[in-house]
Amino acid sequence: MTTTARAQGATVWLTGLPSAGKTTIARLLGDRLTGEGHRVEVLDGDEIRRFLSSGLGFSRADRNTNVQRIGLVSEVLARNGVLSLVPVIAPYADSRDAVRARHEKSGTPYLEVHVATPVEVCSERDVKGLYARQAAGDLTGLTGVDDPYEPPADAALVLRTQEQSPRESADAVYALLADRGLV
Ligand SMILES: Nc1ncnc2c1ncn2[C@@H]1O[C@H](COP(=O)(O)OS(=O)(=O)O)[C@@H](OP(=O)(O)O)[C@H]1O
Ligand SMILES: Nc1ncnc2c1ncn2[C@@H]1O[C@H](COP(=O)(O)OP(=O)(O)O)[C@@H](O)[C@H]1O
């Protein structure tokens with residue numbers, strides 16, 4: 001057991017379109033880190049929206065509120081030694097920048113990972129049927145289709161998941177954490 005004594009936490013924010021692979025990668029990575037003895041939390045977007053952000057929709061203002069709430073929780077966890085994995089779309093650069101600034105203020109590591117799966121691939125995967133609903137006219141404001149997604153200009157890592165297995169993507173994030181001395 002060489003890693004359990006480490007108290008250094010971090011936020012790893014996985015940003016990308018619906019069905020890009022954010023949740024899959026966070027869960028695989030979380031399992032690996034937990035198995036190695038790290039303290040890990042996955043702040044799942046859907047779950048947060050059922051509780052902490054219940055009542056919020058998908059307007060720009062509501063998405064920003066959602067992201068700031070999650071950013072606050074994640075920073076508190078990370079500051080206290082947890083590796084906090086955040087698979088949340090966070091489509092707006094200014095929202096993500098505010099989360100980054102919150103972490104910088106407390107000297108807490110914040111790593112942005114762009115799960116950069118092209119929209120054509122995401123809409124093929126369509127894990128939750130959202131792309132089909134948008135195409136059928138049953139849903140509007142879908143990120144990457146008829147709502148904005150501002151790709152990060154300064155991501156610590158960009159994942160092209162259409163060319164990788166989920167395990168390879170999760171391992172690439174693990175390698176980033178290792179490179180930063182966080183695992
Ligand atoms: N209009 C629209 N646009 C985007 N996403 C939508 C929408 N309606 C519902 N959903 C589903 O909501 C899931 C959680 O979204 P997030 O909290 O990550 O979004 S945000 O950061 O607040 O923009 C998000 O989860 P993921 O598919 O895991 O990304 C979507 O499945
Ligand atoms: N390299 C990869 N990384 C992550 N997911 C992948 C990858 N290749 C294929 N997939 C598949 O893409 C889908 C992504 O779904 P999910 O993780 O729920 O996306 P998101 O959380 O971004 O909405 C899953 O069915 C997953 O198996």
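## Exercises on a predicted model

Strand 1 and strand 4 (residues 110-115) pair in the parallel sense over five bridges. The exercises below concern a predicted model.

### Exercise 1: Strand 1 and its partners

Task. Determine which residue of strand 4 is the bridge partner of Leu 14, and in which sense, parallel or antiparallel, strand 1 pairs with strand 3 (residues 83-87).

Solution.
- Step 1. Leu 14 has Val 113 as its bridge partner in strand 4.
- Step 2. Strand 3 pairs with strand 1 in the parallel sense, and this pairing has five bridges.
- Step 3. Within strand 3, Leu 85 is the bridge partner of Val 12.

### Exercise 2: The two faces of strand 1

Task. State how many of the six residues of strand 1 (residues 10-15) are buried, and which residues point each way.

Solution.
- Step 1. Six of the six residues are buried, and strand 1 is mostly covered.
- Step 2. One way from the strand point Ala 10, Val 12 and Leu 14; the other way point Thr 11, Trp 13 and Thr 15.
- Step 3. All of these residues, on either side, are buried.

### Exercise 3: The environment of Thr 34

Task. Locate Thr 34 among the helices and classify it as buried, partly exposed or exposed.

Solution.
- Step 1. Thr 34 belongs to helix 1 (residues 22-35).
- Step 2. A buried residue requires 20 or more other C-beta atoms within 10 Å, and an exposed one has 12 or fewer.
- Step 3. Thr 34 has 14 C-beta neighbours inside 10 Å and therefore counts as partly exposed.
- Step 4. Thr 34 and Leu 83 are 49 residues apart along the chain, and their C-alpha atoms are separated by 9.6 Å.

### Exercise 4: Helix 3 and helix 4

Task. Describe how helix 3 (residues 60-79) packs with helix 4 (residues 93-105), and give the handedness of the crossing.

Solution.
- Step 1. The axes lie 9 Å apart, and the helices pack at an angle of about 20°.
- Step 2. Helix 3 is therefore roughly parallel to helix 4, since angles under 35 degrees count as roughly parallel.
- Step 3. Helix 3 and helix 4 cross in a right-handed manner.
- Step 4. Helix 3 contributes Asn 64, Val 67, Gln 68, Gly 71, Leu 72 and Glu 75 to the contact, while helix 4 contributes Ser 95, Ala 98, Val 99, Arg 102 and His 103.
- Step 5. Classified by type, the contact of helix 3 with helix 4 has four nonpolar, five polar and two charged residues.

Definitions and conventions:
Residues are numbered from 1 along each chain as its sequence is written. Chains are lettered from A and ligands numbered from 1 in the order in which they are written. This is a predicted model: local features need pLDDT of at least 70, side-chain atom pairs count only at pLDDT 80 or more; totals for chains, interfaces and linings use all residues. Axes are lines fitted to C-alpha atoms, for helices over the stretch in contact, and angles run from 0 to 180 degrees between N-to-C directions. Helices (H or I, at least four residues) and strands (E, at least two) are DSSP runs, numbered from the N terminus. Angles under 35 degrees count as roughly parallel, over 145 as roughly antiparallel, 65 to 115 as roughly perpendicular and the rest as oblique. A crossing is left-handed if the near helix is turned anticlockwise from the far one by less than a right angle, and right-handed if clockwise. Two residues are in contact if their C-beta atoms, placed from the backbone, lie within 7 Å. Ala, Val, Leu, Ile, Met, Phe, Trp, Tyr, Cys and Pro count as nonpolar, Asp, Glu, Lys and Arg as charged, and the others, Gly among them, as polar. Two strands pair if DSSP finds at least two bridges between them.
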